[in-house]
Structure formats: C-alpha cells, structure tokens
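Subject: Structure handover

Hello,

I am passing this structure on to you, and I hope you enjoy looking around in it. Please open it alongside this email.

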Amino acid sequence: MNSRATVTFDISQLEDTTKFAERLATRVSPGTCILLEGDLGSGKTHFARALIHSKLDELGLWEDVPSPTFTLVQTYVAGDLEIWHADLYRLQSVDELEELGLEDAFESAVTLIEWPDRLGPLVPDDALHLRFELSDDTRRLVCTGPQHLLDLLAGSTK
Amino acid sequence: MKDIEIILGIESSCDDTAAAVVTADRRILSSIVADQTMLHSAFGGVVPEIAARAHAEKLDFAVEQALSEADVTLKDIHAIAVTAGPGLIGGVMSGVMLAKGLATGSGLPLIGVNHLVGHALTPRLTDDLAFPYLMLLVSGGHCQFLIVNGPDQFERLGGTIDDAPGEAFDKVARLLGLSQPGGPSIEIAAQSGNDKAFAFPRPLLNRDGMDMSFSGLKTAVLRSRDAIISEKGGISLKDQSDLAASFQSAVTDLLVEKSRRAIQVYLEQSPVQPALAVAGGVAANTLVRAGLKDLTSKMSVEFIAPPLPLCTDNAAMIAWVGHELRRIGHPGMTPLVPRPRWPLDPRRPSMLGSGKKGAKA
C-alpha cells in the first residue's frame, strides 16, 4: 500500500470548500474514491456538488446535482469519466452494497461517498478520507489518504 | 364503462411500491400503496427498497390487488402507464420491467411517465383544474415551482439549489432526536415550542427569483443544538420544541415568500382560472399549508391541495398522466428507458452566485 498521511485545511468560508473541491476535481480519475465523513450539515453534499459541477464544467456541461439521500446513488457522466455520488445513511447491511453495484464502481468510476462507515470492510485501501469538522466558528477539513494525492492538494485552499 | 378508457398505473420510483386503476373521467377505481410505515419507525429513517427483486415481488402483489379492488381484469384495461424516472434506479427498473411484461403479454400500449409529471398533473385529476396553473412541488426529494401549461409543457421558475425541504425536515428531526419521518414529528414538537426562540437564517429570502436553499438552515440548527449541548450538557424537551418551531417557521417563511414571487410571475400570463396547487408530503404541514392559503387568498388566487394520499407518491397520478398523454396523442417516453434523473424543464437554470446563467431554449 502507498504511504498515507494527514493534512488539515481551514474551510471556514463556504467558498473554501468549493475551491478545494474544484482543485480536487482536476486530480481525480477512474478508481478515485473519496469518503466524506462528518455530521449532518457539515458540508459533505456541498463538497460533492462542487466537485461534480466542476468536473462537468470542464466539458461545458451542467446538470442539477440533487442530494442522493433519497435515491442512495446518483451517477454523472463527464466525457469518459463516470462519477458516483452516494449517500449510504439509509443502508442497513453490507449486502445491500452489492445491489447498488458500488464495488464495481470503486474500480471503474470516481466515487464520492457520504456516510462511508456503512461500507465496513469494503472501504478501498487507497481511499481519500475527508473529515468535515465543525466547532464554534471554525470549520476544518481533515484529509487522510495516499501521500501522493495529498502532496498534490497541499495549499489547495490558500 | 366499456366506452370510457381505463388505465393501470405502476409506480416504484422511490420507497413506495404502488399500483392503481383510473378512468379517463377522473375516477380512481383503486390505488394501492404498499405500506412501509412500520419499517420506517423501527429503523428511525426511511428504509429504501434497494433490491429490484424485492420491489418486483411487491409490485406483482400491488398490481393484483389494484385490479381486484377496481373489479377489473387486464382485459378491461386500455393502456398501462409506468414511472420511468426520476428516482431510485433499481425501483424504476423493476416497475418498467413488470409493465413491459404485462404490456407484451396483453398487447396493451405502454406509456413511460415522468414521476414529477404525475405530481404536477394531480390537480387535474382531483379538481379538473384548467391550464395554466402554478405548481409548488415540495417533497422529500424535490422542491420546485412550475407553471403547468399542458400535459407535456412545464416552465420551471425556480427551486431548491441544494436539499429539498422534506429532506431538511427528516435531517433536522435526526439532529433533534425526533422520530422519522421528520415532517410529522417536527410539526408535533413545534406545537409546544416558541418559533422565535432561535433566529434561524432564511437563505435567499430577499434574493430575486424563486430559488431556495435549505442546506444552510439545517447547518444553523446543528450549530444551535451543539451550542445548547455544550452549555447545558444536553437538550431539554423545551429546547427540542423551540428548535423545531423555529426551524418550521423558517421553512414556512421561505416557501411563502418564494410562492408570492412565483405567483406574481405566473399572473403575468393572465391565467383564466388563477390557481396555486401544491403536491408532495411537505404540503401536508399545517403551518406551510396555512401560510400558503393565507397568501393565495390575499392575491386572489385559488389554492388547491389534493388529499394527502394523492399528494405523496402513488400510482393513480401515473395512470392519470397516461390519460392526459393519450388525449394529446403523446406516446410517453420513447424509447422507454429508466432514468434516475429526468428534469421536467430541461433548460439550464441560471446559477446563483457563479456568474453562469442562460437557459438554452
């Protein structure tokens, strides 16, 4: 496995998250798995929406990016790239992941996963964990993942 | 009855599995919705039906029951209408597969229907409303204003740019430790609360246009809750009620103010029978309903709220769309391919704050 590291970014302004997502959008490729962790209202969907819009925008495309809470998964096609936006909160067992086809998507698509604790043992080894932390007046984004990906991201929000 | 067309409707685009039989003269002969309420409350969230197989099993049962309650057989049916999207793709696919099977076996025409059109045309099924009318579709997964000009003509005036209000109700209920679904439990908790205890934001309230945002409101509730917890070590029942009441009041203010703007735009078209119709589970909220009723009476616009079982997901509305489309000679979605997203008005909406805009006509 690649060496892993942790980097923390200040995302006190909503735009910080947007910019970070836009920057990360230029680094993703099939097989990139981004796990979005944090409480309700901490900014997970906002991040995913910004990344998807940015990726579509590269090709002059635009699509509505609704919350996947009700539909569990929303998929988007940006040229050759498929993007999966999933919200696993409503899942009850790991078996159901098979029905969703997530395991295949981990290899063939970019996956953005909210409530990834439901994945259990299926978390891809090289997944990028983004933890949205909210306290008093500060918001922080704690990123843990492969060293090479984090190196590329360093300085993203500044 | 031989002369009047009868359509079988099938709906399985989200958590509910439904089948219904509806006549062209607006009679609902049966409307079966497989009830999952018990599962919902046991889990503390809405249980999604992920497995297409499980959906299919329930669908068979729902169709059988719909036909027998309507006292008809497939021989009496003139067409089958099925939801082809938008929604949970596994559910949509199993509905479409079943409908294709039935249509092939019986030789009946099959009509692929947009779930949102089902909601949008419901006021014509229940109240025979004339076009064009204004529609506020406000549910767990959707929130938009539409001018409904015809069975296949919709003009989207605006909608949520993030979460749908129904989703915000569910998630705020989760934050406050209230049961699911969140709409009813927040409404009950709010009854004993002070709606001015917390000054929650009304995002985009004074912004031009009819776009809305509910995600920031949810975050504001989270912050207030956490502030109370760190101060007192927990939240009391009173805090819970006050948070619920203040949240509900913010949602209502937003929906009412944006409805006012939408009505103004709609009235410019000089409709013959000016009306605001609502659909979706959130329309059942007493405060939201009262706010909209008050607004429409002030603006001399009729307020139409179909009965709750026809406001939430059902198959009668899908069968009704089948009738409306057949009347104008529209074949429905062609070819019939299930779609997870299927906007009613495909024009690109103007984007707030990003400097990007422009509807491609």
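Below is what was found in it, place by place.

Before you start, please keep in mind that this is a predicted model.

**A β-α-β unit in chain B**

A good place to begin is the right-handed β-α-β unit made by E4(B), H3(B) and E5(B). The strands E4(B) and E5(B) pair in the parallel sense, over five bridges. If you want a landmark in that pairing, look for B:Val82, which stands opposite B:Gly112 in E5(B). Strand E5 of chain B covers residues 110-114 and is mostly covered, with four of its five residues buried.

Does the length of the helix H3(B) agree or disagree with what its residues should span? Its 18 residues, at 1.5 Å a residue, should span 26 Å, and the end C-alpha atoms are 25 Å apart, which agrees. Several residues of H3(B) are buried, among them B:Gly90, B:Gly91, B:Val92, B:Leu98 and B:Ala103. Just after H3(B) you will meet B:Gly107, which takes a positive phi of about 75 degrees.

**Two cis peptide bonds**

The loop between strand E4 (79-85) and helix H3 (89-106) of chain B holds B:Pro86. The peptide bond that leads to B:Pro86 from B:Gly85 is cis, with omega near -10 degrees.

Chain B has another cis peptide bond, from B:Phe131 to B:Pro132, where omega is near -10 degrees. You will find B:Pro132 in the loop between helix H4 (115-127) and strand E6 (133-138) of chain B.

**Positive phi outside glycine**

Two loop residues deserve a look for their backbone angles. In chain A, the loop between strand E5 (110-114) and strand E6 (128-135) contains A:Trp115. This tryptophan, A:Trp115, has a phi near 55 degrees, a positive value in a residue other than glycine. With 15% relative accessibility, A:Trp115 counts as buried.

In chain B, please turn to B:Ser300, in the loop between helix H9 (286-298) and strand E10 (302-304). B:Ser300 is not a glycine either, yet its phi is positive, at about 55 degrees. Is B:Ser300 buried or exposed? B:Ser300 is exposed, its relative accessible area being 61%.

**Around B:Arg289**

Helix H9 of chain B includes B:Arg289, which counts as partly exposed at 26% relative accessibility. What does B:Arg289 contact, leaving aside its neighbours within four places in sequence? The residues in contact with B:Arg289 are B:Ala283, B:Ala284, B:Phe303, B:Ala305 and B:Pro306. A polar atom of the B:Arg289 side chain lies 2.9 Å from the backbone oxygen of B:Ala283. B:Arg289 is also 8.7 Å from B:Thr252, C-alpha to C-alpha, with their positions 37 residues apart in sequence.

**Cysteines**

A disulfide is a covalent bond between the sulfur atoms of two cysteines. How many disulfides does the structure hold over all chains? The number is zero. For A:Cys33, the closest cysteine sulfur is in A:Cys143, 14 Å away, and therefore too far for a bond. B:Cys311 is in no disulfide either, and the nearest cysteine sulfur, that of B:Cys143, is 14 Å away. A:Cys33 counts as buried, at 3% relative accessibility. B:Cys311 is buried as well, with a relative accessible area of 0%.

Happy exploring, and best wishes

Terms used
Residues numbered from 1 in each chain as written. Chains lettered and ligands numbered in written order. Predicted model: local features only at pLDDT ≥ 70, side-chain atom pairs only at ≥ 80, totals over all residues. Heavy atoms only, no water. Buried < 20%, exposed > 50% of the residue type's maximum accessible area, 1.4 Å probe, protein only. Expected span 1.5 Å × (residues − 1). Pairing = 2+ DSSP bridges. Right-handed = clockwise from strand over helix to strand, strands pointing away. Disulfide = S-S within 2.5 Å. Contact = heavy atoms within 4.5 Å. Polar contact = N/O pair within 3.5 Å; in protein donor to acceptor, adjacent residues only side chain to side chain.
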